[in-house]
Amino acid sequence: MIQPQTHLNVADNSRARELMCIRVIGASNRRYAHIGDVIVAVIKEAVPNTPLERSEVITAVIISTRKELKRDNGMIIRYDDNAAVVIDQEGNPKGTQIFGAIARELRQLNFTKIVSLAPEVL
Amino acid sequence: MISDIVNVIFCLGNCVLLVNLRRMRLEKCWFCSSTVYPGHGIQFVRNDAKIFRFCRSKCHKNFKMKRNPRKVKWTKAYRRLHRKDMTQDSTFEFERKRNRPERYDRNLAENTLKAIKKIDKIRSDRASDHIKNRLKTGKVQRQKEARKQLELGIHLVKAPLALDKIHLFVFQKSKSMCPKHRQKRISPWKTEIASAVPRLGIFVHQNLMHATRGLSYQEVFYVVSSGPEF
C-alpha cells in the first residue's frame, strides 16, 4: 500500500538509494499502489557522482511491499520492506542488476526484463 | 508425481483461458513445524530472500515477537530438542524434501499413496511408544511415592474392621409440620459389608434402592451412612 510520501528502497543498481512516491499511476484518484504498480517518484538519496541525482523525478515499479500480496491460490506473501525498481517509460529497468526475490505477478504485468534479471522469483 | 508446470486450456463458451497450475507442495511451518496446506498461513520474505512460512497467525505473531521456537514449549523444535518426541527414526527418511519433479507414472503414484499411509501409521505408532516409554518411569515413581505415603499416613485411614459395619439410615419426610415429627426414621436398616471401601459406592446404591422402596422422592428426606459412632 504505497501512497504519495511513502519512502521506498531501490532494489536495483541504478545508483538511486531511496525514493519517495509522488503519484500512483493508473487512475486519477488512485490511492494505493501494490506490487507491480508503476509510480512516479522523486529520488531522495542517491549514490554521489552518478547520472541519477537527488530530487530527480523518475518512474519506478514496485517490487515488494510490507502489505501482504494475496494470490488466487490462497498464498499470502509479505516482504520485509517496500522496494521499487527504477524504470523508463517503456518499462525497462534502468539498472542492470536486481536484488531480492521478485513476485511472479510482475511477469504477468509484462515486466519480463525485470523478472529475467531477478535472482529468485517467488 | 505431477510435473512442474502443467498448462491446462479451459474452454468456457467463447472464452479460452490458459491457466498455469503450479505443483502443490505441503510446507512445514517455520515456527511450530506443522504442515502448511495450500491456502493457509502467510509467507514472509526477508530481505536476504529467505522465506519463512507460517501455518497460522499464532506462529506468525510469535515470530514477529522474535521468539525462538526452540524455547517455546509447544513447538516441535522444542520437543525434539528436549527429547520429548522421537528424533531419529528410519521413517523420517521417507519424508525428505525432493526438488526434482518426477514424471507422472500411475503405478508409482498408486504405490506411493499406499506407502504413505503405511509409513504414517508406523511412524505414529513409534512416536507414541516413545512417549509411553518416557512416561513409564514417572508412573513407577508415583506408585512408589503413593505406597510410601500410605505407610506413613495409615493412621489417618479407618481400620478395616470398623469399615466392615456401615449403617444406612433412611429418613422419611413426615407430612406433619411439627418439627419434632418432621423427620421420621424408618426402621434403621443396617448393613454390614465385609470388605473394603472401593466397592462401597455400588453396594450402597443397591441397598439404597431396597431401603427407599415404596417411597417417592418427596418422601425421602436424606440418607445417612456412617460408622459405628452414629
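**Salt bridges in chain B and its interface with chain A**

In this predicted model, the side chains of B:Lys28 and B:Glu95 meet in a salt bridge, with a distance of 3.6 Å from N to O. The two partners belong to distant parts of the chain, since B:Lys28 lies in strand S3 (residues 27–28) of chain B, whereas B:Glu95 lies in the loop between helix H2 (76–81) and helix H3 (106–152) of chain B, 67 residues apart. B:Lys28 has a relative accessibility of 43% and therefore counts as partly exposed, and B:Glu95, with a relative accessible area of 47%, is also partly exposed. The pair does not stand alone, for B:Lys28, B:Glu95, B:Asp120 and B:Arg123 are linked in a network of salt bridges. In general, side chains of opposite charge can pair when their charged atoms come close.

A further salt bridge joins the side chains of B:Arg126 and B:Asp89, with 2.8 Å from N to O. This pair, too, links distant parts of the chain, with B:Arg126 in helix H3 of chain B and B:Asp89 in the loop between H2 and H3 of chain B, 37 residues apart. B:Arg126 is partly exposed, at a relative accessible area of 35%, whereas B:Asp89 is buried, because its relative accessible area of 16% is under the limit of 20%. The side chains of B:Arg46 and B:Asp48 likewise meet in a salt bridge, at 3.0 Å from N to O, and B:Arg46 counts as partly exposed at 32% relative accessibility. Over all chains, the structure holds 14 salt bridges.

Across the interface of chain B and chain A, by contrast, the rule finds 0 salt bridges, although it does find 4 residue pairs in polar contact, with both residues at pLDDT 80 or more. On the side of chain B that touches chain A, the elements that give two or more residues are strand S5 (42–45) and helix H1 (57–64) of chain B; of these, S5(B) gives the most, with 4 residues. The residues of this side divide into 5 nonpolar, 5 polar and 3 charged.

In terms of contacts, 13 residues of chain B touch 13 residues of chain A. The two chains bury about 1,200 Å² between them, of which 53% is on carbon and sulfur atoms. Within chain B, the residues that lose the most area to chain A are B:Gln43, B:Val45 and B:Asn47, which together account for 41% of what that side buries. Strand pairing also crosses the interface, as 3 bridges join strand S6 (residues 76–79) of chain A to S5(B), and the two strands run parallel. In this arrangement A:Arg78 stands opposite B:Phe44 in S5(B).

Definitions and conventions:
Residues are numbered from 1 along each chain as its sequence is written. Chains are lettered from A and ligands numbered from 1 in the order in which they are written. This is a predicted model: local features need pLDDT of at least 70, side-chain atom pairs count only at pLDDT 80 or more; totals for chains, interfaces and linings use all residues. Side-chain values use heavy atoms; hydrogens and water are left out. Contact means heavy atoms within 4.5 Å. Buried area is the accessible area (1.4 Å probe) that two parts lose on being put together, summed over both. A salt bridge is a side-chain nitrogen of Lys or Arg within 4 Å of a carboxyl oxygen of Asp or Glu. A polar contact is a pair of N or O atoms within 3.5 Å; within protein, one must be able to donate a hydrogen and the other to accept it, and residues adjacent in sequence count only if both atoms are side-chain atoms. Ala, Val, Leu, Ile, Met, Phe, Trp, Tyr, Cys and Pro count as nonpolar, Asp, Glu, Lys and Arg as charged, and the others, Gly among them, as polar. Two strands pair if DSSP finds at least two bridges between them. Buried means under 20% relative accessible area, exposed over 50%, partly exposed in between (1.4 Å probe, protein chains only).
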